[in-house]
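Biologist: Could you walk me through this one before I set anything up? I'll ask, you answer.

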Amino acid sequence: MPTTDPIEKINKMTTRLQREASKDSLMLNMGPSHPAMHGTIRIMLELDGERILNSEVEVGYLHRGFEKTCENKTYFNLLPYTDRMNYVSPLINNLGYVMTMEKMLGVEVPEKAQYIRVIMSELSRISDHLTCIAAMAMECGAFTILLYKMKAREFIWNVFEQTTGARMTTSYIRIGGVKSDLHPDYEDVLNTAIDETRKVLKDISGLLDKNKIFLNRTRDIAVVTPETAINYGWTGPCLRSTGVYYDLRKSFPYLIYDQMDFDVPLGERGDNFDRYMVRMKEMEQSLRIIEQAMKKIPKSAAQTMANVMEPAEAIKASREKKVEKRIKLSPNLEGSEQDKYQDIFTKNKKIIVPPKEDTYSSIEGLISHFKFFMNEHGIRPPKGEVYFSVEGGNGELGYYIVSDGTDKPYRLHVRAPCFHVMAALEEMIHGHYVADVIPTFGSVNMIGGELDR
Amino acid sequence: MEKKKIIDELKQAFPEKIKDTSSEFGDDAVTIDKDILLDFVQFLRKKPHEYTMLLDLTCMDYLGKEPRFEMVYLLLSMTGKHRLKIKIPLPEKDASIQSLASIWKNANWLEREVYDMFGIRFIGHPDLRRLFMYDGFEGYPLRKDYPLRKCQPRIRLRK
């Protein structure tokens with residue numbers, strides 16, 4: 001059937017770049033399968049020699065219908081999908097969604113859970129920035145940086161693994177609290193991670209800050225003015241690199257960030273180097289926040305770890321008689337959480353998963369378990385719409401949820417920070433060389449899962 | 001304090017054009033007519049309000065209700081530390097609205113996304129094409145009447 005709609009006609013035509021390009025310039029295609037296009041994104045370039053005259057960014061290769069899927073999942077079940085948005089800092093994605101729901105439900109979270117959330121989201125921020133700078137530096141030829149940063153990230157992910165039971169797709173922060181308490185030995189692992197990250201940051205600073213090759217490729221390349229950045233809706237490190245003071249942790253404080261002492265590093269010029277520098281400085285501030293939180297974190301109300309038995313010992317002893325002592329288990333194992341619920345979960349029983357001890361040992365527990373997971377039951381927020389945002393690795397990560405009173409969101413929309421940054425890429429690389437695309441693209445930290453959703 | 005002030009001021013500046021105001025869960029929202037959108041955001045962008053950032057732009061599909069669609073604009077004032085939500089109902093028969101691409105540059109992509117997902121037409125948009133889905137994709141996936149598991153043929157390679 002022939003189409004008469006003018007917009008449909010444009011759709012049938014070629015890309016904007018091809019329509020606008022002059023006849024004697026060279027067209028070059030970068031991506032979607034290109035080693036420097038982290039994930040999948042396509043940049044089409046119109047070149048005069050090596051200079052970029054015009055460009056077009058094509059996104060959507062990683063579109064998985066996140067928002068549509070969420071409309072068909074219950075509020076509890078869609079949590080794992082949020083992990084897969086910004087897969088380098090899944091915990092902040094969890095946090096954003098969960099806090100939006102808590103705003104809607106009007107839930108207070110215990111203080112200890114708030115501290116755990118802050119520690120986890122700051123660690124995620126560091127892992128996000130590490131990954132960004134690692135990739136950026138590697139593409140400029142500094143492969144050492146990548147290896148160093150990955151080393152530091154491993155130590156951070158050890159903390160994640162110990163606390164959440166997973167390294168990347170954590171689903172740890174739950175509506176009403178966090179999934180499990182911190183491990184009794186978490187301080188050792190966390191201190192190692194902090195020390196190792198400090199060392200790596202110092203090494204990287206020494207290698208890159210005054211490195212002529214790196215400076216030549218990043219200084220005064222892709223300069224963005226504060227006005228342009230605001231006009232594009234930039235947030236996070238990219239906005240701050242242009243010198244605009246805007247950090248959600250300061251402007252709209254959530255959790256316990258208002259009790260923490262930290263600075264917001266700003267850039268001056270808004271070029272690639274400033275974006276690198278702001279990220280480096282921010283990691284140091286995140287480490288500061290973690291150290292303060294470690295000192296201030298309240299002790300567990302439950303005496304859980306005194307007088308415990310190793311699992312192997314307990315099995316041996318159980319052959320003789322019933323074991324009365326507690327068995328030493330990792331807190332993120334299911335079946336050992338009941339005592340800790342008071343520290344890590346809200347008192348509102350309707351919105352949290354009942355502890356497994358109850359589910360397996362009493363009929364009421366089993367009923368409440370089914371009531372939580374059954375269709376049309378479980379978490380049902382009041383009717384209405386709500387927006388809440390947290391400071392993600394890339395900037396303001398906002399969730400916009402519309403509830404119609406059932407157990408599934410009527411609509412869930414995500415304000416992805418790097419969407420707005422990527423929208424500016426065409427303007428940023430305009431007039432530069434082909435080689436400048438790579439560090440520019442690296443410095444904005446495009447995350448495909450978050451961009452395309 | 002701030003939120004009460006801004007809504008009252010808007011009511012004074014645009015009498016009879018503001019259909020509804022609300023503060024659900026502490027989020028301030030105003031519902032306006034679609035014909036004053038450009039004037040409205042220009043008013044908010046200026047001093048003393050300085051809603052200089054377009055945080056987000058999206059659409060709702062209330063299938064079965066009239067008007068069916070609702071555009072949602074989220075503005076941020078960094079000086080006033082305040083977010084304001086603008087809602088504009090759109091009927092299904094005339095699902096079109098003025099584009100904001102001339103005011104905010106990120107509106108270009110955001111509106112392309114909404115066009116892609118909901119089929120809303122933006123008047124004055126420089127390059128209204130699909131953003132995430134491929135050319136030749138039929139239908140608008142985030143509309144409520146688009147089935148969750150509908151399959152469409154993969155695109156054929158160009159010869």
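Modeller: What follows is a short round of questions and answers on this model.

Modeller: Ground rules: this is a predicted model, where local features need pLDDT of at least 70, side-chain atom pairs count only at pLDDT 80 or more, and totals for chains, interfaces and linings use all residues. Residues are numbered from 1 along each chain as its sequence is written, chains are lettered from A and ligands numbered from 1 in the order in which they are written, and side-chain values use heavy atoms, with hydrogens and water left out.

Biologist: What area is buried between chain A and chain B?

Modeller: Contact here means heavy atoms within 4.5 Å, and it takes 58 residues from chain A and 53 residues from chain B. In chain A, Lys68(A), Glu385(A) and Tyr410(A) lose the most area to chain B, together 14% of what that side buries. Buried area is the accessible area (1.4 Å probe) that two parts lose on being put together, summed over both. Carbon and sulfur atoms give 56% of the total, which is about 4600 Å².

Biologist: How many salt bridges does the rule find across that interface?

Modeller: The rule wants a side-chain nitrogen of Lys or Arg within 4 Å of a carboxyl oxygen of Asp or Glu. Lys105(B) and Glu427(A) make such a pair through their side chains, at 3.3 Å, N to O. Across the interface of chain A and chain B, the count is eight.

Biologist: Which parts of chain A does the salt bridge between Glu154(A) and Arg167(A) tie together?

Modeller: The closest N and O atoms of Glu154(A) and Arg167(A) are 3.1 Å apart. Helices (H or I, at least four residues) and strands (E, at least two) are DSSP runs, numbered from the N terminus. Glu154(A) sits in one part and Arg167(A) in another, 13 residues apart in sequence, so the pair links helix H7 (residues 143–164) to the loop between H7 and strand S4 (173–174).

Biologist: Which residue in the loop between H7 and S4 of chain A has a positive phi?

Modeller: Most residues other than glycine have a negative phi. The residue in question is not a glycine, yet its phi is about 50°. Found in the loop between H7 and S4 of chain A, it is Ser171(A).

Biologist: And in chain B, which residues does a cis peptide bond join?

Modeller: Chain B has three helices and seven strands, in the pattern α-β-β-α-β-β-β-β-α-β. Pro67(B) is in the loop between strand S3 (53–61) and strand S4 (69–77) of chain B. With omega about -5°, the cis bond joins Glu66(B) and Pro67(B).

Biologist: Which helix gives the most to the lining of the second largest pocket?

Modeller: A pocket is an open set of points on a 1 Å grid over the protein atoms alone, where a 1.4 Å probe fits, with protein on both sides within 12 Å along at least five of seven lines; lining residues have an atom within 4 Å of a point. This one is lined by 25 residues, with Asn348(A), Lys349(A), Lys350(A), Ile351(A) and Ile352(A) nearest its centre. Helix H15 (341–344) and helix H17 (363–373) of chain A each supply at least two lining residues. With four residues, the top contributor is H17(A).
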